[in-house]
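Work through these exercises with the model open. Each one sets a task and then solves it step by step.

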Amino acid sequence: MSFHVNILTLFPEMFPGALGHSLSGKALDKAAWSYNAVNIRNFGDGVHKSVDDTPYGGGAGMVMRPDVIEKALLSIKKPGRKIYLSPRGKPLTQKDVQALAATPEITLLCGRYEGVDQRILDAHGFEEISVGDYVLSGGEPAALILMDACIRLLPGVMGNAQTPDEESFADGLLEYPHYTRPAHWESADGTAHDVPEILQSGDHAKIREWRRKQAEEITRLRRPDLLDK
Ligand code: SAM
């Protein structure tokens, strides 16, 4: 199964961006996923290819026009699940990412300026998804984040070396801390930092138990809301 992402954007050159490198870049070369960045500007109005206008009711900034976005959307043969990246959307979770990664076709609408006219979202049933409680200058970085999270879950992308089963959020906990060589390390100020002995013991049952306790403790301290869920 492949994963195809249509992106409605004023900046198609931002794709694949960071996703053209490392795991996602290799997966793109192998056609494990594909994308089609549609330039909304090509469907703009008049000689100036206008895509936005002032908001009804007044206020600062510009709003992206529904008629222009619709033309861009209708140029996509199979849009699949339609998502508008938006700070007021449902916060993206690992569970959402798992479901999206199993969806063969999705279309991401990237807003700019003050955002898009509400009517395009209502008329075409866009879901709204947020990548966090902060405001970005455009939906493109949010789209890249959502895509990255999905692509790494596609079959064969991570390989055997990495597994999503033990990662943060997989079982409702944040991940335990990692250590590698050297076992004894002195930082630049001369302080000694040793790898916890249990991890060097070879006792896998005890290591599992230690990691579980660490994961629970970190989650309790940093994200108690995850434990409540
Ligand atoms: N006026 C909007 C508001 O206050 O909610 C913010 C608009 S923002 C400057 C421009 C675009 O960036 C939005 O239309 C959206 O597509 C994208 N964006 C900004 N923050 C985002 C977030 N946290 N998650 C997803 N998309 C975001």
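**Exercise 1. Classify both partners of the Arg119 and Asp117 salt bridge as buried, partly exposed or exposed.**

Start with Arg119. Its relative accessible area is 52%, so Arg119 is exposed. The cut-off for exposed is over 50%. Next take Asp117. Its relative accessible area is 16%, so Asp117 is buried. Buried means under 20%. Now look at the contact. The two side chains meet at 2.7 Å, N to O. Thus an exposed Arg119 pairs with a buried Asp117. Keep in mind that this is a predicted model.

**Exercise 2. Locate the partners of the Arg112 and Glu140 salt bridge, and say whether they are buried or exposed.**

Begin with the distance: 2.9 Å, N to O. Then place each residue. Arg112 lies in the loop between strand E6 (105-110) and helix H4 (118-124). Glu140 belongs to helix H5. The two are 28 residues apart, and the pair links distant parts of the chain. Finally, check burial. Both Arg112 and Glu140 are buried.

As background, side chains of opposite charge can pair when their charged atoms come close.

**Exercise 3. Work out the exposure class of Arg223 and of Asp225, then set their pair beside the total count of salt bridges.**

Take the pair itself. The side chains of Arg223 and Asp225 form a salt bridge at 3.0 Å, N to O. Arg223 has a relative accessible area of 29%, so Arg223 is partly exposed. Asp225 has 31%, so Asp225 is partly exposed too. Now the total. The model has 14 salt bridges. Asp45, Arg65 and Asp67 are linked in a network of such bridges.

**Exercise 4. Describe the surroundings of Thr219.**

Find the residue in helix H6 (residues 204-222). Read its accessibility next. The value is 0%, so Thr219 counts as buried. Then follow the side chain. The side chain of Thr219 reaches the backbone oxygen of Ala215 at 2.6 Å. Last, set aside neighbours within four places in sequence. Thr219 then contacts Gly172, Leu173, Leu174, Pro224, Leu226 and Leu227.

**Exercise 5. Which residues come nearest to the ligand, and which backbone atoms lie by its nitrogen atoms?**

First, the neighbours. There are 19 residues around the ligand, and Tyr84, Leu85, Gly132, Tyr134 and Leu136 come nearest. Second, the polar backbone atoms:

- Ser86: 3.2 Å from a ligand nitrogen.
- Val131: 3.1 Å from a ligand nitrogen.
- Gly132: 3.0 Å from a ligand nitrogen.

Third, the cover. Taken alone, the ligand exposes 580 Å². The protein buries 83% of that area.

**Exercise 6. Which residues form a nonpolar surface patch with Ile145?**

Place Ile145 in helix H5 (residues 139-151). Its relative accessible area is 43%, so Ile145 is partly exposed. Now add the partners. Tyr134 and Leu136 complete the patch with Ile145. Together the three have about 270 Å² of accessible area. Tyr134 and Leu136 also appear among the residues that come nearest to the ligand.

**Exercise 7. Characterise Asp228 by helix, exposure and distance to Ala205.**

Helix first: Asp228 sits in H7 (residues 224-228). Exposure second: the relative accessible area is 69%, so Asp228 is exposed. Distance third: the C-alpha atoms of Asp228 and Ala205 are separated by 27 Å. Along the chain, Asp228 and Ala205 are 23 residues apart.

Note on methods: Residues are numbered from 1 along each chain as its sequence is written. This is a predicted model: local features need pLDDT of at least 70, side-chain atom pairs count only at pLDDT 80 or more; totals for chains, interfaces and linings use all residues. Side-chain values use heavy atoms; hydrogens and water are left out. Patches are made of residues with over 30% relative accessible area and no salt bridge: like charges are joined within 9 Å, nonpolar side chains (Val, Leu, Ile, Met, Phe, Trp, Tyr) within 5 Å. Accessible areas come from the Shrake-Rupley method with a 1.4 Å probe; for residues, only the protein chains shown count as cover. A salt bridge is a side-chain nitrogen of Lys or Arg within 4 Å of a carboxyl oxygen of Asp or Glu. Helices (H or I, at least four residues) and strands (E, at least two) are DSSP runs, numbered from the N terminus. Buried means under 20% relative accessible area, exposed over 50%, partly exposed in between (1.4 Å probe, protein chains only). A polar contact is a pair of N or O atoms within 3.5 Å; within protein, one must be able to donate a hydrogen and the other to accept it, and residues adjacent in sequence count only if both atoms are side-chain atoms. Contact means heavy atoms within 4.5 Å. A residue is near a molecule or strand if one of its heavy atoms lies within 4 Å of it.
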